[in-house]
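Q: Here's a chain I'd like you to walk me through informally. Could you take a close look at the charged side chains that pair up, and then carry on into the parts that are tucked away?

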Amino acid sequence: MELLKNLLLVLHLLGWAVVLGGVLVSMRDPKIPAGALHGALTALVTGILMVGVKEMSDDLADPNMVKITVKLLITLVVTALVVVGGRRPEKVTTGFLGAIAGFTVLNVAIAVLWH
């Protein structure tokens, strides 16, 4: 079970890395990077799976559902921004990409700092 949790965590972080890295690279020529949607969906799905695995484990500590809810909402915002930017490229500006990057960093910071 521990191996599964760690594998999901690695995939989750890689999903966020794809979103953040792609968005930062695209700042000069504002457009949604090709892999941003895949990265956001990877982070979303693996996050949900990590909560499920945690709920099924013998660990006595229950997951913090308030933290998970906040992270889920931020993930949905990032995913929605990526989808909107992909469908309406004329809306994508450096500020738009900055919002995606900011929400991504916020989500990672919440994961690390909120105990």
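A: Let's start with Glu 90, which is exposed: its relative accessibility is 57%, and exposed here means over 50%. Keep in mind that we're looking at a predicted model. Glu 90 has a partner in Arg 88, and the two form a salt bridge whose closest N and O atoms are 2.8 Å apart. Arg 88 comes in at 42% relative accessibility, so this residue counts as partly exposed.

How many salt bridges are there by this rule? The count is two, so let's go to the other one, between Lys 5 and Glu 2, where the N to O distance is 3.6 Å. That still qualifies because the cut-off is 4 Å. Why are these two separated by about one helical turn? Both belong to helix α1, which covers residues 2-25, and they are three residues apart in it, so about one turn of the helix separates them. As for accessibility, Lys 5 is partly exposed at 22%. Glu 2 is also partly exposed, at 48%.

Now stay with α1 itself. The helix has 24 residues and spans 34 Å from first C-alpha to last, close to the 34 Å expected at 1.5 Å a residue. Its buried residues are Leu 8, His 12, Gly 15, Trp 16, Val 19, Gly 22 and Val 23. What covers them? The cover includes α2, α3 and α4.

That brings us to α4, residues 94-113. This helix has 20 residues and reaches 27 Å end to end by C-alpha, close to the 28 Å expected. Phe 96, Leu 97, Ile 100, Ala 101, Thr 104, Asn 107 and Ile 110 are its buried residues, and they pack against α1 and α3.

Thr 104 is a good one to zoom in on. It lies in α4 and has a relative accessibility of 2%, so it counts as buried. Skip the neighbours within four places in sequence, and Thr 104 is in contact with Trp 16, Val 19, Leu 20 and Val 78. Two of those names should ring a bell: Trp 16 and Val 19 are among the buried residues of α1. For a separation you can check on screen, take Val 84, 20 residues from Thr 104 along the chain: their C-alpha atoms are 16 Å apart.

There's also a pocket to look at. The largest one has a volume of about 790 Å³. It is lined by 29 residues, and those closest to its centre are Gly 47, Met 50, Val 51, Ile 68 and Lys 71. The elements that each give two or more residues to that lining are α1, α2, α3 and α4.

Last stop: the loop between α2 (36-56) and α3 (65-87), where you'll find Ser 57. Buried or exposed? Ser 57 is buried, since its relative accessible area is 13% and the limit for buried is under 20%. A polar atom of the Ser 57 side chain lies 2.9 Å from the backbone oxygen of Lys 54.

Terms used
Residues are numbered from 1 along each chain as its sequence is written. This is a predicted model: local features need pLDDT of at least 70, side-chain atom pairs count only at pLDDT 80 or more; totals for chains, interfaces and linings use all residues. Side-chain values use heavy atoms; hydrogens and water are left out. A salt bridge is a side-chain nitrogen of Lys or Arg within 4 Å of a carboxyl oxygen of Asp or Glu. Helices (H or I, at least four residues) and strands (E, at least two) are DSSP runs, numbered from the N terminus. Buried means under 20% relative accessible area, exposed over 50%, partly exposed in between (1.4 Å probe, protein chains only). A polar contact is a pair of N or O atoms within 3.5 Å; within protein, one must be able to donate a hydrogen and the other to accept it, and residues adjacent in sequence count only if both atoms are side-chain atoms. The expected span of a helix is 1.5 Å times one less than its number of residues. Contact means heavy atoms within 4.5 Å. On a 1 Å grid over the protein atoms alone, a cavity is a set of points where a 1.4 Å probe fits but cannot get out, and a pocket is an open set with protein on both sides within 12 Å along at least five of seven lines; lining residues have an atom within 4 Å of a point. Grid points are joined across faces, edges and corners, and a volume is the space filled by probe spheres set on the points.
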